[in-house]
Structures are given as C-alpha cells and as structure tokens.
Amino acid sequence: MSRVASTTPPEGSVIPERHPLSPSTGAQIPSHFAHCFGCGELHPTGLHLVAHVGKGADITAEFTVSENHQGAPGLAHGGLLSLAFDEALGKLMWLLRAPAVTARLETDFLKPVPIGTVLHISARITGQVNRKVYSEAVGRLGGSDGEIAVRAAALFVIVPMKHFLESAPAEYLAALRKNPQLFAFVDPEFDINP
C-alpha cells in the first residue's frame with residue numbers, strides 16, 4: 001500500500017444519523033461476547049468496559065484500571081489503553097447498526113493512568129463516507145470533566161456479518177442461537193440459522 005489510511009474524515013463526509021432502531025439515549029450497550037477482553041463480563045482479567053448511548057452519534061464508557069492492566073508498576077499499559085479506546089470507539093457502530101472492523105487506530109498518551117483509576121471515555125462519530133466511519137475519543141481522569149489523559153481517533157470499515165461468523169468457534173455460534181439479540185443490533189431480521 002502506498003499510503004496510510006487517515007483517521008481524519010475527508011471533505012464531503014457526513015455525520016450519519018443514528019439508525020431508528022439503535023439503542024435509546026442513556027441505554028447501556030450490551031457486550032457482543034461475554035468473554036471479550038474489552039467488554040465481556042465473563043473475562044476474568046478483562047477491562048469490563050461499560051458503555052452508554054449519548055444523545056447523538058456519541059457514547060460514553062468507563063473502565064477501572066486494575067493490577068491486571070499494568071505496564072509499568074502501578075500504571076496502565078499503553079497497549080491496554082489503546083484496546084480500551086478500540087472497544088469504546090467500536091461501540092459507536094451500535095448507533096449505526098452496522099458490523100465493522102478497525103482499519104486504523106491512533107492513540108495519544110498525555111498523562112499516566114494509575115491502577116485503581118476509573119477512565120471516563122467519551123467517543124463520537126466524526127464522519128462517514130460509504131463504508132468508512134471516522135471517530136474520535138478522549139479519556140479523562142477524575143470524572144467526565146476531568147483532565148484528559150488519552151486521546152484517540154479511528155477509522156472503521158463496515159463489513160458483512162459473515163466476516164465475524166466465519167471464524168467463530170462452535171461454542172460462540174451456539175451462544176448466539178440462545179441469545180440472537182447480540183447480533184440483532186445489526187439486523188433485526190438476522191438469523192443465525194441459515
């Protein structure tokens with residue numbers, strides 16, 4: 001590839017409207033997979049990131065940095081913080097009801113994030129062109145109005161649902177059959193049984 005994909009929306013991009021069947025303002029966005037390291041409630045050392053829908057094309061999210069998330073002693077690992085932003089920015093796709101993959105993620109670390117700290121993330125869609133969705137986020141310490149510790153920007157590309165199902169283990173497909181609402185955010189008519 002001769003150029004690097006940007007996280008800055010190009011001229012002519014638009015802020016997409018929320019899908020009429022997207023979760024309502026204030027609703028908690030469910031985990032897509034209970035064992036997801038980012039948002040899964042069953043992952044023993046995961047982030048357990050919790051996100052809520054904002055008023056427009058935005059969400060808020062939080063996670064508490066634990067001893068399992070350390071890089072330097074007492075501080076969150078930078079790669080783990082990037083993971084938190086990938087997870088939070090990815091939750092924006094619930095507003096569009098579109099499955100997507102991360103094409104590019106840029107993370108700027110401004111302040112250390114100590115263990116025991118709750119990182120408050122606010123994320124928003126900044127533009128869309130066809131299948132490309134652009135977004136940005138900030139992570140604050142000490143509350144939703146606290147000091148900015150981390151900034152991130154991302155480019156997501158909308159993909160067909162089969163992208164996620166082709167390599168899914170049998171146990172996950174079985175869980176989807178029992179909980180089809182996990183993919184209903186993409187298509188209310190989605191059926192795991194072809």
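In this predicted model, the side chain of T7 makes a polar contact with the side chain of E106, at 2.9 Å. T7 belongs to the segment that precedes β1, and its relative accessibility of 6% places it among the buried residues. Leaving out residues up to four places away in sequence, T7 touches R104, E106, Y134, A153, A154 and L155. Strand β4 spans residues 100-109, strand β6 spans residues 132-141, and strand β7 spans residues 147-158; these ranges locate the partners of T7 along the chain.

The overall architecture gives this contact its setting. The protein contains five helices and seven strands, and along the sequence they follow the pattern β-β-β-α-α-β-β-β-β-α-α-α. Of the 194 residues, 43% are buried. Among contacts with a separation of 6 or more, 65% join residues 24 or more positions apart.

The interior can be considered next. In soluble globular proteins, nonpolar side chains tend to be buried together. Here the largest nonpolar core has 38 residues, of which L49, I59, F63, L89, V113 and I121 touch the most other members. At least two residues of this core come from each of β2, β3 (58-64), α1, α2, β5, β6 and β7.

Residue L89 allows the core to be followed into a helix. Helix α1 covers residues 78-91, and its 14 residues reach 20 Å from the first C-alpha to the last, close to the 20 Å expected at 1.5 Å a residue. Its buried residues are L80, L81, S82, A84, F85, E87, A88, L89 and K91. With neighbours within four places in sequence set aside, L89 is in contact with L105, A123, S135, E136, A137, A152, A153, A154 and F156. Two of these, A153 and A154, are also touched by T7.

The list of buried residues in α1 includes E87 and K91, which introduces the charged pairs. Side chains of opposite charge can pair when their charged atoms come close. Four salt bridges are found in a search of the whole structure. One of them joins the side chains of E87 and K91, at 3.8 Å from N to O. Both residues lie in helix α1, four residues apart, about one turn of the helix, and both are buried.

Another salt bridge connects the side chains of E147 and K111, with an N to O distance of 3.3 Å. Because E147 lies in strand β7 and K111 in the loop between β4 and β5 (118-129), this pair ties together parts that are 36 residues apart in sequence. K111 is partly exposed, its relative accessible area being 35%.

A further salt bridge is formed by E136 and R124, whose closest N and O atoms are 2.6 Å apart. This pair links distant parts of the chain, with E136 in strand β6 and R124 in strand β5, twelve residues apart. E136 has a relative accessible area of 34% and counts as partly exposed; R124, at 41%, is also partly exposed. E136 is in addition one of the residues in contact with L89.

The cysteines require separate attention. The structure holds zero disulfides. C36 takes part in none, and its nearest cysteine sulfur, that of C39, is 3.9 Å away. A disulfide would require the two sulfur atoms to be within 2.5 Å, so a separation of 3.9 Å does not qualify. The relation holds from the other side, as the nearest cysteine sulfur to C39 is that of C36. C36 is buried at 12% relative accessibility, and C39 is buried with a relative accessible area of 7%.

Finally, two loop residues stand out by their backbone geometry. Phi of H48 is near 55°, a positive value in a residue other than glycine. H48 is found in the loop between β1 (28-29) and β2 (50-53), and its relative accessibility of 34% makes it partly exposed. R97 likewise has a positive phi near 55° and is not a glycine. R97 lies in the loop between α2 (93-96) and β4. At a relative accessible area of 10%, R97 is buried, whereas H48 is partly exposed.

Conventions
Residues are numbered from 1 along each chain as its sequence is written. This is a predicted model: local features need pLDDT of at least 70, side-chain atom pairs count only at pLDDT 80 or more; totals for chains, interfaces and linings use all residues. Side-chain values use heavy atoms; hydrogens and water are left out. Buried means under 20% relative accessible area, exposed over 50%, partly exposed in between (1.4 Å probe, protein chains only). The expected span of a helix is 1.5 Å times one less than its number of residues. A polar contact is a pair of N or O atoms within 3.5 Å; within protein, one must be able to donate a hydrogen and the other to accept it, and residues adjacent in sequence count only if both atoms are side-chain atoms. Contact means heavy atoms within 4.5 Å. A nonpolar core is a set of buried Ala, Val, Leu, Ile, Met, Phe, Trp, Tyr and Cys residues joined through side-chain atoms within 4.5 Å.
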